[in-house]
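Trainee: I have a new model on my screen and would like to learn to read it. Could we go through it together?

Mentor: Gladly; bring up the chain and ask away.

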Amino acid sequence: MSWQIDFWYWWIFAVALVIIEILAPSFFALWMAIAAFLTGLALLLMPDLAWQIQLLLFAVLSVVSIVLWRHYYLKNPIQSDQPNLNRRGEQYIGRVVTLTSPISDGVGKIRLDDSTWKVTGPDCAKGTKVRIIALNNVVFDVEPER
């Protein structure tokens with residue numbers, strides 16, 4: 001008794017890869033799912049295709065589709081309407097805040113929402129309004145508000 005791979009096995013594999021992509025989004029399994037679907041399509045059109053050729057075709061199509069996607073994505077990055085969404089500190093740049101402790105020897109503190117942040121800038125008294133102009137690691141650069 002000989003076991004043979006039918007085209008629909010590849011299509012079931014493609015659906016399983018899509019489900020994996022849905023559960024753990026990475027844009028990796030999606031392109032392998034497309035390769036599995038195309039391999040199944042090739043087997044539907046050429047039913048006598050050897051299993052070794054099927055695996056080779058799947059491997060080549062997987063690599064090609066992933067490389068093409070990566071190339072396209074690097075040239076056309078996804079634009080966001082909120083580019084600083086997961087960059088909390090960068091969201092505060094341009095905001096005017098009040099110093100909670102004076103800037104002495106170039107270092108002071110501000111309170112933003114529920115957090116205290118270290119700031120650097122020209123010496124200023126407590127209560128001075130300052131504008132956040134940059135973020136260096138977790139320290140804001142500020143300048144007095146005019």
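Trainee: Leaving aside neighbours within four places in sequence, which residues is Ser-62 in contact with?

Mentor: Keep in mind that this is a predicted model. Ser-62 lies in helix H3, and its relative accessible area of 7% falls under the 20% cut-off, so Ser-62 counts as buried. Once the neighbours within four places are set aside, the contacts of Ser-62 are Met-32 and Ala-35.

Trainee: In what order do the helices and strands follow one another from the N terminus?

Mentor: The protein chain holds 3 helices and 5 strands. Read from the N terminus on, the order is α-α-α-β-β-β-β-β.

Trainee: What is the radius of gyration of this chain, and is the chain spread out or a compact globule?

Mentor: Along the principal axes, the C-alpha trace spans about 85 × 30 × 25 Å. For 146 residues the globule rule gives 15 Å, and the chain is well over that, so it is more spread out than a compact globule. The radius of gyration is 28 Å.

Trainee: How much of the chain counts as buried?

Mentor: Let's start from the outside: the protein chain exposes about 10200 Å², with carbon and sulfur atoms supplying 64% of that area. For burial, a residue has to be under 20% relative accessible area. Of the 146 residues, the share that counts as buried is 27%.

Trainee: What share of the contacts with a separation of 6 or more comes from residues 24 or more positions apart?

Mentor: Here we take the contacts in the protein chain that have a separation of 6 or more, and ask how many join residues 24 or more positions apart. Those account for 41%.

Trainee: Which residues form the nonpolar patch on the surface?

Mentor: Leu-44 is a good place to begin: it is found in helix H2, which covers residues 29-45. Its relative accessibility is 38%, so Leu-44 counts as partly exposed, and that value is over the 30% needed for a patch. The patch has about 610 Å² of accessible area together. Its members are Ile-34, Phe-37, Leu-38, Leu-41, Leu-44, Leu-45 and Met-46.

Trainee: Now the charges. How many salt bridges does the whole structure have?

Mentor: Side chains of opposite charge can pair when their charged atoms come close. A search of the whole structure for such pairs finds 2 salt bridges.

Trainee: Which residue pairs with Asp-113 in a salt bridge?

Mentor: The N to O distance in this pair is 3.5 Å. Asp-113 sits in the loop between strands S2 and S3, and its partner in the loop between helix H3 and strand S1, so the bridge ties together parts 18 residues apart in sequence. Asp-113 counts as exposed because its relative accessibility is 51%, while the partner, at 34%, is partly exposed. That partner is Arg-95.

Trainee: And how far apart are the closest N and O atoms of Arg-131 and Glu-145?

Mentor: Arg-131 lies in strand S4 and Glu-145 in the segment after strand S5, so this pair ties together parts that are 14 residues apart in sequence. Arg-131 is partly exposed at 28%, and Glu-145 is partly exposed at 33%. The closest N and O atoms of the salt bridge are 3.1 Å apart.

Trainee: Which residue in S4 is the bridge partner of Val-96?

Mentor: S1 and S4 run antiparallel and are joined by 3 bridges. The partner of Val-96 in S4 also forms the salt bridge with Glu-145. It is Arg-131.

Trainee: Which residue takes a positive phi in the hairpin of S4 and S5?

Mentor: S4 and S5 run antiparallel with 6 bridges between them. Ala-134 stands opposite Asp-141, and Leu-135 has Phe-140 as its bridge partner. The hairpin leaves 2 residues between the strands, and the residue with a phi near 60 degrees is Asn-137.

Trainee: Do S3 and S5 pair in the parallel or antiparallel sense?

Mentor: Phe-140 in S5 comes up again here, as Val-119 stands opposite it. S3 and S5 are joined over 3 bridges, and the sense of the pairing is parallel.

Note on methods
Residues are numbered from 1 along each chain as its sequence is written. This is a predicted model: local features need pLDDT of at least 70, side-chain atom pairs count only at pLDDT 80 or more; totals for chains, interfaces and linings use all residues. Side-chain values use heavy atoms; hydrogens and water are left out. Patches are made of residues with over 30% relative accessible area and no salt bridge: like charges are joined within 9 Å, nonpolar side chains (Val, Leu, Ile, Met, Phe, Trp, Tyr) within 5 Å. Accessible areas come from the Shrake-Rupley method with a 1.4 Å probe; for residues, only the protein chains shown count as cover. A salt bridge is a side-chain nitrogen of Lys or Arg within 4 Å of a carboxyl oxygen of Asp or Glu. Helices (H or I, at least four residues) and strands (E, at least two) are DSSP runs, numbered from the N terminus. Buried means under 20% relative accessible area, exposed over 50%, partly exposed in between (1.4 Å probe, protein chains only). Two strands pair if DSSP finds at least two bridges between them. The radius of gyration is taken over C-alpha atoms; the globule rule is 2.2 Å times the number of residues to the power 0.38. Contact means heavy atoms within 4.5 Å.
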